[in-house]
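Colleague: I am new to this structure. Could you walk me through how to read it?

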Amino acid sequence: MANVRLEEITRRFGGSTAIKDISFEVPDGQFWVLVGPSGCGKSTILRTIAGLEPVTQGKLYIGDTLVNQVPARQRDVAMVFQNYALYPHMTVAQNLAFGLRMRQVDPSKIQGQIETVARSLDIAHLMDRKPRQLSGGQQQRVALGRAIARKPRVFLLDEPLSNLDAQLRDDTRAELKQLHQNFGITTVYVTHDQVEAMTLADQIVVLNKGQIQQIGEPQAIYARPANKMVAAFLGSPPMNLLEARLDDQQFWVDQQTLPCPATMQPIKLPKSQRVSLGIRPEHVQIASGEKFHLQVDVTVVEPLGRETLIRGILPEGDRTAPQVINLQTGPTVNPKPGERLPLQFNLDRLFVFDSITGERLYPFE
Ligand SMILES: Nc1ncnc2c1ncn2[C@@H]1O[C@H](COP(=O)(O)OP(=O)(O)OP(=O)(O)O)[C@@H](O)[C@H]1O
Ligand SMILES: [Mg+2]
């Protein structure tokens, strides 16, 4: 096994830059997730590590070895692609054994090795089938098994669950986590699904437009997003973002005002500075007494059983597109569309972002 280190990796295609100055180090045995919207450069980074894509600039190390010039097949990495591409004419057992046969592993050992992997992936009963006789989820597990059986030093997974239906995706996600706990192979995993990122990762790397936005543990990024993009990307429903301006120690949100949190007083933003306020749906409640922070007009109510999601818009906004607030409440709360709701914010959990650059201004740390 091995650590993977990227030092200021840039990859250009002709005139356009797919990834720029990417630096991070995945320690031996950890599970890192690259996440970000379509086109942000996730697959390019993975393909670079695999050796399927040359780097334009920068250094790439696997273990202590600089591998920029090392061809893919000598890097001892296994990559599972989104379209997992099993060999259609081979059985499951032959697919699983393929990588080992290519590496001239002693045939007497191959059988035992693939059986262990097949058992851990719950595909041992399918060994004699051909891929077309398997469900999508089973094919996916065979593709994972084929990669694991090789015992690579590094495991690279590019959206491996995206072809599965919701239930199977949840199950396979949990299996993947279990597998990593069992085998401990250094893993870099690409997804645009923030739930996969949050649940699987030791560390998340959030990317946008070819550049790293933030690196950290899932909970740390969730609690302290570095900018508006990260704030909006991790969390479902996403963080509410409201355009506002600061005046006289209060925020003006359209025609309504919201007090600055007490701990924010030291901040000396220029008068009338335009900001984006961020508040997660779980930190907005329906006000119970006389006091409230903002009022919204309810537009949509979504009962989910365990909780209810409510979407509202700020009334009398001075803009063509009204500002939206989402909140999560208990299952018994059931307002009607059109109803005006007074809301209470947990101001300790308020974020302030620069509305132009998107950088977080508050909390300071
Ligand atoms: N071979 C190529 N030639 C030119 N541009 C490319 C090539 N491969 C990727 N790109 C560009 O590089 C950028 C990053 O692409 P990449 O495939 O890494 O994105 P991604 O984050 O994996 O997106 P998705 O979530 O859609 O898979 C995109 O703008 C893409 O158009
Ligand atoms: Mg991709």
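Here is a short tour, from the whole chain down to one residue.

Modeller: One caution to begin with. This is a predicted model.

Colleague: How many helices and strands does the protein chain have?

Modeller: Start with the inventory. The protein chain has eight helices and 21 strands. Its C-alpha trace spans about 75 × 45 × 35 Å along the principal axes. Of its 365 residues, 35% are buried.

Colleague: Into which domains is the protein chain divided?

Modeller: Domain 1 covers 4-226 and domain 2 covers 237-362. To place them, take the C-alpha centre of each. The centres of domain 1 and domain 2 lie 39 Å apart.

Colleague: What share of the contacts joins residues 24 or more positions apart?

Modeller: Count the contacts with a separation of 6 or more. Residues 24 or more positions apart account for 67% of them.

Colleague: Now a single helix. Which residues of helix 1 are buried?

Modeller: General idea: an α-helix has 3.6 residues a turn, so residues three or four places apart point the same way. Now the case here. The buried residues in helix 1 are Lys42, Thr44, Ile45, Leu46, Arg47, Thr48 and Ile49. That is seven of the nine residues in 42-50, so helix 1 is largely enclosed by the rest of the structure.

Colleague: What follows helix 1?

Modeller: Gly51 does, and its phi is positive, near 90°.

Colleague: Let us pick one residue. Why is Ile49 classed as it is, buried or exposed?

Modeller: Count the neighbours. The cut-off for buried is 20 or more other C-beta atoms within 10 Å. Ile49 has 23, so Ile49 is buried. Ile49 is found in helix 1.

Colleague: Which residues is Ile49 in contact with, leaving aside neighbours within four places in sequence?

Modeller: Val4, Leu60, Val77, Leu156 and Val188. Consider Val154 too. Ile49 and Val154 are 105 residues apart in sequence, yet 9.4 Å apart in space, C-alpha to C-alpha.

Colleague: Last, a helix pair. At what angle do the axes of helix 3 and helix 4 cross?

Modeller: Look at distance, then angle. The axes of helix 3 (residues 107-120) and helix 4 (residues 136-149) come within 10 Å and cross at roughly 135°. That angle makes helix 3 oblique to helix 4. The crossing is right-handed.

Colleague: Which residues make the contact?

Modeller: Helix 3 brings Gln113, Ile114, Val117 and Ala118. Helix 4 brings Gly145, Ile148 and Ala149. By class, this contact has five nonpolar, two polar and no charged residues.

Methods. Residues numbered from 1 in each chain as written. Chains lettered and ligands numbered in written order. Predicted model: local features only at pLDDT ≥ 70, side-chain atom pairs only at ≥ 80, totals over all residues. Buried ≥ 20, exposed ≤ 12 C-beta atoms within 10 Å, placed from the backbone. Helix = DSSP H or I, 4+ residues; strand = E, 2+ residues; numbered from the N terminus. Domains from an automatic or database assignment. Axes fitted to C-alpha atoms, helices over the stretch in contact; angles between N-to-C directions. Parallel < 35°, antiparallel > 145°, perpendicular 65-115°, else oblique. Left-handed = near helix turned anticlockwise from the far one by under 90°. Contact = placed C-beta atoms within 7 Å. Nonpolar A, V, L, I, M, F, W, Y, C, P; charged D, E, K, R; others polar.
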